[in-house]
Amino acid sequence: MRDVIVVGAGGGGPVVAAELAARGLDVLLLEAGPRHAKPREEWTHFENDANNPLTGFLRFGPQDRDKPAWFREWSQNSFLWQLSGVGGTTQHYYGNSPRAYPGVFNDYDKPDAYNYDVAHWFPFGYSELVPYYEWVEATLPVQTAAMGTKEEVYFRGCETLGIPVQTRKTTTGNSFRPQENAILQPGGTAGRTTRTELLQYPKAIGCTLCGYCFQGCMQPPRAPRNQFAKRSTDNSYVPMALTADTWKRGGRPATLLADSFVTQVHTEERGGELVATGVTWRTGETGETHREDAKVVVLSAGCTETPRLWFNSGLPNPNGWVGRGYTDHFFDWVFGVFDHETGNSKGPGSSARTEYPGYGGLENVGLPPAIEAFAMTVSDSGIRGQYANCRGMTGPWDGPAGRLVGPELKEVLSGGIDRLLNVLVITDDDVEAQNRVVPSAFPADEHGPVAKVQFRQRQRSRRTLRNREFMARRAAELLRGAGAKKVYRIDWAPVILHVQSTMRMGERDNETVLTPEAESRWVKRLYVADNSALANSLGGPNPTLTTQALATRTAEKLYQRYFGGDPWVRTESPTPSTDPRISVRLAQLGL
Ligand SMILES: Cc1cc2nc3c(=O)[nH]c(=O)nc-3n(C[C@H](O)[C@H](O)[C@H](O)COP(=O)(O)OP(=O)(O)OC[C@H]3O[C@@H](n4cnc5c(N)ncnc54)[C@H](O)[C@@H]3O)c2cc1C
């Protein structure tokens, strides 16, 4: 019997695995997708090879790329962007690591509290989470982003919005700032040359400004895995989990099994309570199933698959909130066309942001060409000007919202993508019961009934709609202020990649699945440590840092409750995931 089984090696799971392995527990980390152990041999910078959701090496699908991707039903025009594989969706992520706004926690007592989703506060205070934020920020580590031309243009626009620059970790007012991100700052030759022979570790360290954050970071060449620039968990917490005996006295390496899709969580009655006892998983390559027991099970399969696994395991759902409350920051996309170079496709993907607590935020997002084309196309208004929906959506952008086609599109792209500047609109959206994951009526796959993700797109709350319009207007003003000749609003269909709260914790028993310690209300010894545990959409800040801070807290809580351990976050110092002892052990392990 294991001490702990963690299901899913994405943003949250490896944090629990590494922290508990460091405390000497016997941890099994099960990941449904592939393990890219040698990215520089397996990956390319070709966009279709990497990002194609059906066949790319970064997709939600099995290890064998000849097999189809795994299906999920979306009942509306939308795109669900969650990956399988060790690192999960952080393989794609941009590493942006802002903290949640204090207004989404239950110790917020400022007069503007009504501006937030107060009905769905976190069941504890911001001050409670700060030590965990600090722990993760030191572990990943989180640093101020490297910047270049696109950030200069973006900040020029911010300066015209009448808001100040700020550089604190905690954001309390309207402001703009360099991102705090989980990408190692460039050092040595990195960022100073494009000569590949000079851009090799250890001459180059950290981000080489290659512009391909999106496609799984493998920079700089020759660096040990735990020194890769972007701190996706395959480069940070997973190496820590696998080498826990080297960097922590009493640590014990975790066992990682990829290609291992968990299909069942097992339970038994003990003393009148339902208790989790273990899991069954299916190995993709052979089709064999395996069962192991554990004292504690932690679900970290993400906002869509954690509820699916819950439903497929027949676990209790007495208040009907399993899978409900799906928040997605109801994004939008606004971009400007410039008559000079903006550096749109260069450098770390997203290094500048703007904050409007109570409404949401904006961030600059640089993209390579194919994803730029995707971003300009995925509209809920269709071809701009053609449908009633988009004709109503007018504002400080040019013409109605919607996607561009024909001569207009050609004209926009005639200067190339490095004359564009993109702004992602991140809405502070409400937890709403009707936005949810349910079992699909489509045929089951080899892992059981598949998930259906359902957003009632046109029934979003008034506050959510107000916030999105407010932020889209600020985005357009920012771009005009930066000197854009034309500004376009796409009115994105849900691009579901900042995902939160489908297994939420919170203050009210009748709308939550988890206790404030992230343990299931109805199954003891069963925890959730991924974005689905978040109480709400954080006010708009990108979710992964908060998930990782919460996962650290969850690991500490379950260690105390079920293993008699002492808490550590307030008494010890964190070890950075770049620690050279980890590099040495990875080399010994051939990783
Ligand atoms: C393009 C893009 C950019 C992003 N940029 C940022 C950013 O800059 N900052 C930020 O904070 N966030 C960003 N995000 C979001 C970020 O990736 C997620 O917040 C984070 O990955 C969520 O972590 P998670 O553990 O909830 O889920 P995931 O990372 O999706 O991990 C879940 C894992 O569980 C595995 N799994 C699923 N089901 C099972 C099962 N039954 N058995 C075993 N394993 C299973 C999956 O294969 C997956 O590996 C971005 C996302 C995208 C797509």
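How many bridges join S3 to strand S19 (residues 451-454)? Two bridges join these strands, which run parallel. Strands are DSSP runs of E with at least two residues, helices are runs of H or I with at least four, and both are numbered from the N terminus. Strands count as paired if DSSP finds at least two bridges between them. The model is predicted: local features need pLDDT of at least 70, side-chain atom pairs count only at pLDDT 80 or more, and totals for chains, interfaces and linings use all residues. Residues are numbered from 1 along each chain as its sequence is written, and side-chain values use heavy atoms, with hydrogens and water left out.

S3 and S19 belong to an open sheet of three strands, ordered S3-S19-S18, with mixed pairing. Strand S3 (73-74) and strand S18 (436-439) are the edge strands, and each pairs on one side only. Within the S3-S19 pair, Glu73 has Lys452 as its bridge partner. H8 packs on this sheet and touches S18 and S19. Contact here means heavy atoms within 4.5 Å. The direction of H8 makes about 40° with that of S18. Axes are lines fitted to C-alpha atoms, for helices over the stretch in contact; angles run from 0 to 180 degrees between N-to-C directions.

A six-strand open sheet follows the order S6-S15-S16-S17-S14-S20, with antiparallel pairing. Strand S6 (175-178) and strand S20 (486-489) stand at the edges with a single partner strand each, so one side of each lacks a neighbour in the sheet. The twist averages 20° from one strand to the next. Four bridges pair strand S14 (residues 332-337) with S20 in the antiparallel sense. Val334 stands opposite Arg489 in S20. Helix H5 (residues 149-159) lies across S6, strand S15 (352-356), strand S16 (360-364) and strand S17 (420-427). H5 runs at about 25° to S15.

The ligand is surrounded by 35 residues (a heavy atom within 4 Å). The closest are Glu31, Thr89, Asn96, Asn531 and Thr544. By class, the shell has 13 nonpolar residues (Ala, Val, Leu, Ile, Met, Phe, Trp, Tyr, Cys and Pro), three charged (Asp, Glu, Lys and Arg) and 19 polar (the others, Gly among them). Strand S11 (260-270) and helix H8 (302-312) each supply at least two shell residues. S11 gives the most, with three.

An N or O atom in the side chain of Asn531 is 2.9 Å from an oxygen atom of the ligand. The protein covers 97% of the 990 Å² of accessible area that the ligand has on its own (Shrake-Rupley method, 1.4 Å probe).

Note on methods. Polar contact = N/O pair within 3.5 Å; in protein donor to acceptor, adjacent residues only side chain to side chain.
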